[in-house]
Structure formats: C-alpha cells, structure tokens
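Please take a moment with the sequence and the model before reading on. The paragraphs below go through the chain step by step, from single residues to the whole fold and back again.

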Amino acid sequence: MNPARGAQAERTGLAWRRTALASAACTVLLLHSAAQRHWGVALVPVLLSAGTSALLAAIGTLRERALRAPEPGPAHPALPAIASLAVTVTATSVAILH
C-alpha cells in the first residue's frame, strides 16, 4: 500500500472524527440549555444534534474504510449531501426552537 494513501485515509478519518466530536460538544451544550428550560420543545434540537453527531461519525468511518481499501473509490456523492442536510436541519431547529 502506498504510504501517502494510508496517510490520506488517516487524515480524512481524523477530520471526520473532529467534526463529530465538535458536534457532540454542541449536543452537550444544547442538552444543558434544554434542562435549564425545563425540557419541552427545547429537546428537539438536542435529539437532532445527537443524531447528527452519530451520522457524522458513521460517515467518517465509512469514508476512512473506503480510502483504506486496495482500490479506493470516490465517496458516494450522497454522503456529503446527507451530512450537510443533517447539519442544516439541526442548526435551523436551534434557531427556531431555542
């Protein structure tokens, strides 16, 4: 295996993990805010944020595995679009419900 390709897979995986971790940190902050607001509708952004964090982690894992394959192919074009949609829906819910 080409060492540069292995490094690329690792860098890509780390970038996705950092993004998922940042999303998880936002989830914790939203959870704290929802608890202060006595839950209710403030829980919706928390749930969306948690789902987005899990989705980002899953996509990152899939992408890293694909890059480590003997014949790496391009990412499925829907994956970045799905991640972007999840982040947008979560951000919109925070703006509307918080």
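In which loop does His38 lie? This is a predicted model, and in it His38 belongs to the loop between α1 and α2. The backbone angle phi of His38 is near 65°, a positive value in a residue other than glycine. Most residues other than glycine have a negative phi. Trp39 sits in the loop between α1 and α2 as well, and its phi, at about 60°, is likewise positive although Trp39 is not a glycine. As for how much of each residue can be reached from outside, His38 counts as exposed because its relative accessibility is 69%, which is over the 50% that the word requires. Trp39, with 41% relative accessibility, counts as partly exposed.

With this loop in mind, the overall plan can be followed from one end to the other. The protein has three helices and zero strands, and from the N terminus on its elements run α-α-α. Helix α1 covers residues 3-36, while α2 takes in residues 43-68 and α3 residues 78-97. Between α2 and α3 there is another loop, and Ala69 has its place there; with a relative accessible area of 24%, Ala69 is partly exposed. Ala69 also gives a sense of distance within the model, since Ala69 and Leu29 are 40 residues apart in sequence and 37 Å apart in space, counted from C-alpha to C-alpha.

How far does the C-alpha trace of the protein span along its principal axes? The spans are about 55 × 20 × 15 Å. The radius of gyration can be read beside these numbers: the protein has 16 Å, whereas a compact globule of 98 residues would have a value near 13 Å. Of the 98 residues, 26% count as buried, and the accessible surface comes to about 6,200 Å², with 70% of it belonging to carbon and sulfur atoms. The contacts add a further view of the fold, for among those between residues at least 6 apart in sequence, 76% join residues at least 24 apart.

Some of the links within the fold are made by charged side chains. Side chains of opposite charge can pair when their charged atoms come close. The structure holds two salt bridges, and one of them is formed where the side chains of Glu64 and Arg17 meet, with 2.6 Å from N to O. Glu64 lies in helix α2 and Arg17 in helix α1, so this pair ties together parts that are 47 residues apart in sequence. The side chains of Arg68 and Glu64 also meet in a salt bridge, here with 3.1 Å from N to O. Both Arg68 and Glu64 lie in helix α2, four residues apart, which is about one turn of the helix. Arg17, Glu64 and Arg68 are thus linked in a network of salt bridges. Is Glu64 buried or exposed? Glu64 is buried, because its relative accessible area is 11%, under the 20% that sets the limit for that word. Arg17, at 48% relative accessibility, counts as partly exposed, and Arg68, at 37%, counts as partly exposed too.

The outside of the protein has a feature of another kind. Val41, Val44, Leu48, Leu85 and Val89 make a nonpolar surface patch of about 390 Å², and the elements that give two or more residues to this patch are α2 and α3. Leu85, one of the residues in the patch, lies in helix α3 and is exposed, with a relative accessible area of 54%.

A last point concerns how confidently these details were predicted. The protein averages a pLDDT of 90, and 95% of the residues score at least 70. Confidence is lowest in helix α1, where the mean is 90, and highest in α3, where it is 95. Where pLDDT is low, the predicted coordinates should not be read in detail.

Note on methods
Residues are numbered from 1 along each chain as its sequence is written. This is a predicted model: local features need pLDDT of at least 70, side-chain atom pairs count only at pLDDT 80 or more; totals for chains, interfaces and linings use all residues. Side-chain values use heavy atoms; hydrogens and water are left out. Patches are made of residues with over 30% relative accessible area and no salt bridge: like charges are joined within 9 Å, nonpolar side chains (Val, Leu, Ile, Met, Phe, Trp, Tyr) within 5 Å. Accessible areas come from the Shrake-Rupley method with a 1.4 Å probe; for residues, only the protein chains shown count as cover. A salt bridge is a side-chain nitrogen of Lys or Arg within 4 Å of a carboxyl oxygen of Asp or Glu. Buried means under 20% relative accessible area, exposed over 50%, partly exposed in between (1.4 Å probe, protein chains only). The radius of gyration is taken over C-alpha atoms; the globule rule is 2.2 Å times the number of residues to the power 0.38. Contact means heavy atoms within 4.5 Å. pLDDT is the predictor's confidence in each residue, from 0 to 100.
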